[in-house]
Amino acid sequence: MAVTDRSIASRTVAQHIESVTHHSESARTIRHRLQQSGLSARRPLRGLPLTQNHKRLLRQWCDERRMWVAEWNEVVFTDESRICLQHHDGRIRVWRHRGEDVE
């Protein structure tokens with residue numbers, strides 16, 4: 001199912017397996033098995049491309065802070081990953097083979 005419909009949720013696959021085989025598997029087990037076969041859940045898009053204006057503003061921001069020395073000790077860097085423990089974050093993920101390019 002996840003191979004033919006890449007946007008299907010692992011929970012849906014688990015429900016389908018239970019309805020067909022009358023044997024329950026957890027969504028976590030489904031994700032683990034898909035990962036073992038080379039598929040993993042990833043966001044479908046990398047992000048919006050930067051416009052020339054965005055690039056200009058980013059260069060300007062960097063130039064203004066080029067001479068910072070002590071100030072950089074107060075900066076926290078992040079990869080901008082979101083972690084949501086209480087509820088689903090609403091993002092749609094698709095199953096991809098390892099090494100498959102993101103469109």
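Select Trp95 to begin: this residue is buried, with a relative accessible area of 5%. In this predicted model, Trp95 is found in strand S2, which covers residues 94–97. Now add Gln35 to the selection and compare the two C-alpha atoms. Trp95 and Gln35 are 60 residues apart in sequence, and their C-alpha atoms are 9.2 Å apart in space.

Next, extend the selection from Trp95 to the core that contains this residue. The largest nonpolar core has 7 residues in all: Ile8, Val13, Ala14, Ile30, Leu34, Leu39 and Trp95. Which elements give two or more residues to this core? They are helix H1, residues 10–21, and helix H2.

Helix H2 is the next stop; select residues 27–36. Its buried residues are Ala27, Ile30 and Leu34. Turn the view to look down the axis of H2: these buried residues fall within an arc of 55°, so they line one face of the helix. Two of them, Ile30 and Leu34, also appear in the list of the largest nonpolar core. Arg28 and Gln36 lie on the other side of H2, where they are exposed. Continue along the chain to Gly38, just after H2, which takes a positive phi of about 100°.

Move back to helix H1 and select Glu18, which is found there. Is Glu18 buried or partly exposed? Glu18 counts as partly exposed, at 40% relative accessibility. Leaving aside residues up to four places away in sequence, Glu18 touches His23 and Ser24. Add these two residues to the selection to display the contacts.

The following stop concerns charged side chains. Side chains of opposite charge can pair when their charged atoms come close. How many salt bridges are counted in this structure? The count comes to 2. For one of them, select Asp63 and Arg66, whose side chains meet with a distance of 3.9 Å from N to O. Within this pair, Asp63 is partly exposed, with a relative accessible area of 47%. Its partner Arg66 is exposed, with a relative accessible area of 59%. For another salt bridge, select Glu64 and Arg65; here the distance between the side chains is 3.2 Å, again from N to O.

Clear the selection and display the whole protein. The protein has 3 helices and 2 strands, and from the N terminus on these elements run α-α-β-α-β. Of its 103 residues, 16% count as buried. Switch to a surface view: the accessible surface comes to about 9,100 Å², of which 53% belongs to carbon and sulfur atoms. Among contacts between residues at least 6 apart in sequence, 67% join residues at least 24 apart.

Finally, colour the model by confidence. The protein averages a pLDDT of 77, and 76% of the residues score at least 70. Where is confidence lowest, and where is it highest? It is lowest in strand S1, residues 39–42, at a mean of 69, and highest in helix H3, residues 52–64, at 91. Where pLDDT is low, the predicted coordinates should not be read in detail.

Definitions and conventions:
Residues are numbered from 1 along each chain as its sequence is written. This is a predicted model: local features need pLDDT of at least 70, side-chain atom pairs count only at pLDDT 80 or more; totals for chains, interfaces and linings use all residues. Side-chain values use heavy atoms; hydrogens and water are left out. Buried means under 20% relative accessible area, exposed over 50%, partly exposed in between (1.4 Å probe, protein chains only). Helices (H or I, at least four residues) and strands (E, at least two) are DSSP runs, numbered from the N terminus. The arc is that of the directions from the helix axis to the C-beta atoms. A salt bridge is a side-chain nitrogen of Lys or Arg within 4 Å of a carboxyl oxygen of Asp or Glu. Contact means heavy atoms within 4.5 Å. Accessible areas come from the Shrake-Rupley method with a 1.4 Å probe; for residues, only the protein chains shown count as cover. A nonpolar core is a set of buried Ala, Val, Leu, Ile, Met, Phe, Trp, Tyr and Cys residues joined through side-chain atoms within 4.5 Å. pLDDT is the predictor's confidence in each residue, from 0 to 100.
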